[in-house]
Amino acid sequence: MAAAIIVHGGAWDIPTELHADHLSGCRAAAEAGWELLMRGGTATDAVEAAVRIMEDLPVFDAGRGSHLNADGVVELDAGMMDGKTLMAGAVASVKRVANPISLARHVLQESPHVFLVGEGAERFAQAAGVPLCDPESLIVPRERELWNRRRAEAEPQPPAALFHSEPADTVGAVALDADGNLAVGNSTGGTFYKHPGRVGDTPIIGCGLYADNALGAAACTGWGEQIMKTVLAKTTADHIALLGSARDAAHVAIAYFEHRIGGLGGVICISPSGQIGFAHSTPYLAHAYRSDDMTEVVASLTAD
């Protein structure tokens, strides 16, 4: 069975001066996931490793470097799904976990529940042996400066203008291992200056992520409120099965997303046979991928 991995580092109008950091971060994540797959690791292993790398890089809106909410606090969301078993785990509004993708995996593997939030998710983290961090350690000077500028504005920007002007660097990964099993994971700090407790599509099964060995797997990024309304990840997976092509499925799903709701975002996906697909309706989609027929990871900001 062919192995494959694709990662994303957000879909938005990424400024030119940030292109290199987005490309290098996505490439490093995809290479780490690929190395695990080549050593016999599972798809869930590869997804977790890839996403953790991007959570640790402050250029992305995930883990350290995430956006601050309206209260000036980082609240993190993440989710993971196993395409073999359809087991899933997700967490939201956590403030003291630096790598929420790993906490989401613990929920997937060790909890009878699928989704845990806030203080309850952090209590589960302690019980599962996931280290808690100082919330201040997640804040970087760039995000504090953005928050201070926003606080000083007389009139807030409308959501669409804000989405275009501020980063939307949600991170995620999709992988297929040598046993033919798919997995997907997503992680984010959410939208800039969000209302405390706001949760977008990122950790929501079917919306921000979905994996089923019989259909395919997909991870989404972009304006979460729009992605939730179109159940974009499941829509993409269904189209992989319908069309027999991950590439076509990604483009059809994003075309519907854009036409139906003016959707701003992107999707990455892998078919059960290892085909890779990706598409976006924003100027850029930071991503990197590799499959068995390639000699190295390819990183790009635009769709094929």
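How many helices and strands does the protein chain have? Nine helices and 12 strands. Before I go on, please keep in mind that this is a predicted model.

So, the overall picture. The radius of gyration comes out at 17 Å, close to the 19 Å that the globule rule gives for 304 residues, so the chain is as compact as a globular protein of that length. If you want a feel for the dimensions, the C-alpha atoms fill a box of roughly 55 × 45 × 35 Å along the principal axes.

What about the inside? Of the 304 residues, 59% are buried. And if you take the contacts with a separation of 6 or more, 68% of them are between residues 24 or more positions apart.

Now the outside. The chain exposes about 11500 Å², and carbon and sulfur atoms supply 53% of that. For the charge people here: I count 21 positive and 37 negative side chains. The centres of those two sets lie 4 Å apart.

Okay, let's zoom in on one helix, α4, which runs over residues 118-128. Which residues of α4 are buried? They are Gly-118, Ala-121, Glu-122, Phe-124 and Ala-125. Those buried residues cover an arc of only 155° around the axis, which puts them on the same side of α4. Turn to the other side of the helix and you find Glu-119, Arg-123 and Ala-127 exposed. Yes, there's a glutamate in each list: Glu-122 is among the buried ones, and Glu-119 is among the exposed ones.

What do the buried residues of α4 pack against? Three elements: strand β3 at 88-94, helix α3 at 100-110 and strand β4 at 115-117. Then, just after α4, Gly-129 takes a positive phi of about 80°.

While we're on backbone angles, a reminder: most residues other than glycine have a negative phi. Two residues I'd like to show you go the other way. Leu-86 isn't a glycine, yet its phi is positive, about 65°. You'll find Leu-86 in the loop between β2, residues 76-82, and β3. That β3 is one of the elements the buried residues of α4 pack against. Leu-86 has a relative accessibility of 41%, so it counts as partly exposed.

The second is Tyr-193, again not a glycine, with a positive phi of about 60°. Tyr-193 sits in the loop between β6 (182-188) and β7 (209-212). Is Tyr-193 buried or exposed? Buried: the relative accessible area is 17%, and the cut-off for buried is under 20%.

If you follow the chain past β7, you get to Ala-214, in the loop between β7 and β8, the latter being 216-222. Ala-214 is exposed, at 62% relative accessible area. From Ala-214 to Ala-152 is 62 residues in sequence, and their C-alpha atoms are 51 Å apart in space.

Next, two residues from around β9. Cys-269 is in that strand, which covers residues 265-270. Cys-269 is buried, with a relative accessible area of 0%. Leaving aside residues up to four places away in sequence, Cys-269 touches a list that includes Ile-6, Ala-217, Ala-218, Thr-236, Gln-275 and Gly-277. There's also a pair to look at on the screen: Cys-269 and Ala-29 are 240 residues apart along the chain, with 16 Å between their C-alpha atoms.

Ser-271 belongs to the loop between β9 and β10, where β10 is 276-280. At 3% relative accessibility, Ser-271 counts as buried. What does Ser-271 touch, again not counting residues up to four places away? Leu-176, Leu-182, Gly-216, Ile-240 and Ala-246. Ile-240 and Ala-246 also turn up among the contacts of Cys-269. The C-alpha atoms of Ser-271 and Ala-70 are separated by 39 Å, with the two positions 201 residues apart along the chain.

Last stop, Asp-61, in the loop between α2 (43-56) and β2. Asp-61 is buried, with a relative accessible area of 3%. Setting aside residues up to four places away in sequence, Asp-61 touches Ser-66, His-67, Asp-169, Thr-170, Ser-187, Thr-188, Gly-189 and Gly-190. So one of the contacts of this buried aspartate is another aspartate, Asp-169. And Asp-61 and Ala-286, 225 residues apart in sequence, are 13 Å apart in space, C-alpha to C-alpha.

That's my tour. Over to you.

Definitions and conventions. Residues numbered from 1 in each chain as written. Predicted model: local features only at pLDDT ≥ 70, side-chain atom pairs only at ≥ 80, totals over all residues. Heavy atoms only, no water. Helix = DSSP H or I, 4+ residues; strand = E, 2+ residues; numbered from the N terminus. Rg over C-alpha atoms; globule rule 2.2 N^0.38 Å. Buried < 20%, exposed > 50% of the residue type's maximum accessible area, 1.4 Å probe, protein only. Contact = heavy atoms within 4.5 Å. Areas by Shrake-Rupley, 256 points an atom, 1.4 Å probe, with all protein chains shown as cover. Lys, Arg positive; Asp, Glu negative; His and termini not counted. Charge placed at Lys NZ, Arg CZ, Asp CG, Glu CD. Arc of directions from axis to C-beta.
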